[in-house]
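Got the model open in your viewer? Here is a walk through it, one selection at a time.

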Amino acid sequence: QLDLLWTRKQNVMYNLFDWPTQKHSKLIILAIANTMDLPERIMMNRVASRLVCPSSSVAHHSPVLWSGCLLFCLLILAQLFSRLVGNIVAALSGDARRCLDICRRATEICEFASRKKTPEIVKMAHVTEAIDEMFSSPYINAIRNASLHEQIFLKAILAEFRRAGVEEATVQQIYHQHVALCRVEGMQSPTVSEIMAVCSRLGACRLLLVESSNKYLHMRVRLNISQDDVVYVLKDE
């Protein structure tokens with residue numbers, strides 16, 4: 001689980017991938033991660049340059065290869081089935097476990113339908129229903145129906161997570177990203193009080209996990225949903 005070895009200075013990963021490059025070294029490192037674009041997302045250049053074959057150069061640009069991985073894990077599924085699900089995850093550049101979530105839910109839908117009639121195998125219709133269900137959850141709808149500044153605040157969170165390389169930030173850090181996004185869009189930036197109200201509303205909807213304290217701008221914030229879900233909803237905004 002390569003992503004669990006991340007540190008701010010990335011010395012652990014650097015040393016790990018540097019060992020095989022040493023003279024007379026017989027060490028080969030095979031690493032896995034749930035994130036398709038891990039090198040671009042969290043690795044410094046000095047670490048990513050040590051990789052012989054970065055995962056993103058293959059997986060991110062080749063949904064067919066992700067289909068193969070999924071087919072290997074789920075031998076009972078046809079190639080077309082796995083390709084569809086693999087393409088969805090590859091298009092989102094997200095967590096590979098989402099493939100298995102979709103497949104599991106499609107199987108459950110098929111099993112439930114089979115109770116009322118002749119047993120059948122999982123079909124594309126079940127997959128489509130599982131995908132629609134996954135991307136029509138209350139959280140997804142809450143993001144779609146959020147106000148403009150609430151959506152920008154979520155984008156600001158993603159921007160800050162990418163900048164810092166961690167999945168937690170203070171309201172103040174997110175506010176700086178929010179202001180920068182407003183400037184890019186030519187919009188008037190919200191006041192601190194308004195941004196605190198935005199954060200509070202998103203927390204009340206359970207889209208965010210907000211630290212319960214009187215630290216005000218220094219309160220720490222985490223997403224209570226997958227980053228991929230936020231990207232999926234806001235990608236066209």
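Buried, on this tour, means under 20% relative accessible area. Keep in mind that you are looking at a predicted model.

**Stop 1: the whole chain**

Start with everything shown as cartoon. The protein chain has 13 helices and three strands. Of its 237 residues, 39% count as buried. Now think about contacts with a separation of 6 or more: residues 24 or more positions apart account for 59% of them. Switch to a surface view, and the chain exposes about 14,000 Å², with carbon and sulfur atoms supplying 56% of that.

**Stop 2: helix H1**

Select 11–18, which is helix H1. Which residues of H1 are buried? Color Met13, Tyr14, Leu16, Phe17 and Asp18, and you have them. Next bring up 38–42, helix H2, and 45–48, helix H3. Both H2 and H3 are included in what covers the buried residues of H1.

**Stop 3: the loop after H1**

Stay close by and pick proline 20, in the loop between H1 and H2. Proline 20 is partly exposed, at 26% relative accessible area. Leaving out residues up to four places away in sequence, proline 20 touches Ser25, Leu27 and Ile29. Add arginine 50 to the selection: proline 20 and arginine 50 are 30 residues apart along the chain, and their C-alpha atoms are separated by 9.1 Å.

In this loop between H1 and H2 you will also find histidine 24. Check its backbone: phi is positive, about 65°, although histidine 24 is not a glycine. Most residues other than glycine have a negative phi. Is histidine 24 buried or exposed? Exposed, with a relative accessible area of 69%.

**Stop 4: histidine 126**

Jump to residues 124–134, helix H8, and select histidine 126 there. With a relative accessibility of 8%, histidine 126 counts as buried. What is around it, leaving aside neighbours within four places in sequence? Show side chains for Ala106, Ile109, Cys110, Glu120 and Ile121, which are in contact with histidine 126.

**Stop 5: threonine 170**

Move on to strand E1, residues 169–170, and click threonine 170. Threonine 170 is buried, its relative accessible area being 9%. Set aside the neighbours within four places in sequence, and threonine 170 is in contact with Leu217, His218, Met219 and Arg220. Glutamate 211 is worth adding too: threonine 170 and glutamate 211 are 41 residues apart in sequence, and 9.3 Å apart in space from C-alpha to C-alpha.

**Stop 6: where H11 meets H12**

Select 171–185 for helix H11 and 192–204 for helix H12. Their axes lie 11 Å apart, and the helices pack at an angle of about 110°. Angles of 65 to 115 degrees count as roughly perpendicular, and H11 and H12 are therefore roughly perpendicular to each other.

Which residues meet here? Show Val171, Tyr175 and His178 on the H11 side, then Val192, Ile195, Met196 and Cys199 on the H12 side. Sorted by type, the residues of this contact are six nonpolar, one polar and no charged.

Now for glutamine 177, also in H11. Glutamine 177 is buried, with a relative accessible area of 17%. Not counting residues up to four places away in sequence, glutamine 177 touches Ala156, Ala159, Glu160 and Arg163. Measure from glutamine 177 to leucine 158 as well: the two are 19 residues apart along the chain, with 9.3 Å between their C-alpha atoms.

**Stop 7: the cysteines**

Pick cysteine 182, which is buried at 0% relative accessible area. Then go back to cysteine 199, which counts as buried at 1% relative accessibility. How many disulfides does the model have? Taking a disulfide as a pair of cysteine sulfur atoms within 2.5 Å, the count comes to zero.

**Last stop: arginine 206**

Finish in the loop between H12 and strand E2 (208–210), where you will find arginine 206. Look at the backbone again: phi of arginine 206 is near 65°, a positive value in a residue other than glycine. Arginine 206 is partly exposed, at 44% relative accessible area.

Terms used
Residues are numbered from 1 along each chain as its sequence is written. This is a predicted model: local features need pLDDT of at least 70, side-chain atom pairs count only at pLDDT 80 or more; totals for chains, interfaces and linings use all residues. Side-chain values use heavy atoms; hydrogens and water are left out. Axes are lines fitted to C-alpha atoms, for helices over the stretch in contact, and angles run from 0 to 180 degrees between N-to-C directions. Helices (H or I, at least four residues) and strands (E, at least two) are DSSP runs, numbered from the N terminus. Angles under 35 degrees count as roughly parallel, over 145 as roughly antiparallel, 65 to 115 as roughly perpendicular and the rest as oblique. Contact means heavy atoms within 4.5 Å. Ala, Val, Leu, Ile, Met, Phe, Trp, Tyr, Cys and Pro count as nonpolar, Asp, Glu, Lys and Arg as charged, and the others, Gly among them, as polar. Buried means under 20% relative accessible area, exposed over 50%, partly exposed in between (1.4 Å probe, protein chains only). Accessible areas come from the Shrake-Rupley method with a 1.4 Å probe; for residues, only the protein chains shown count as cover.
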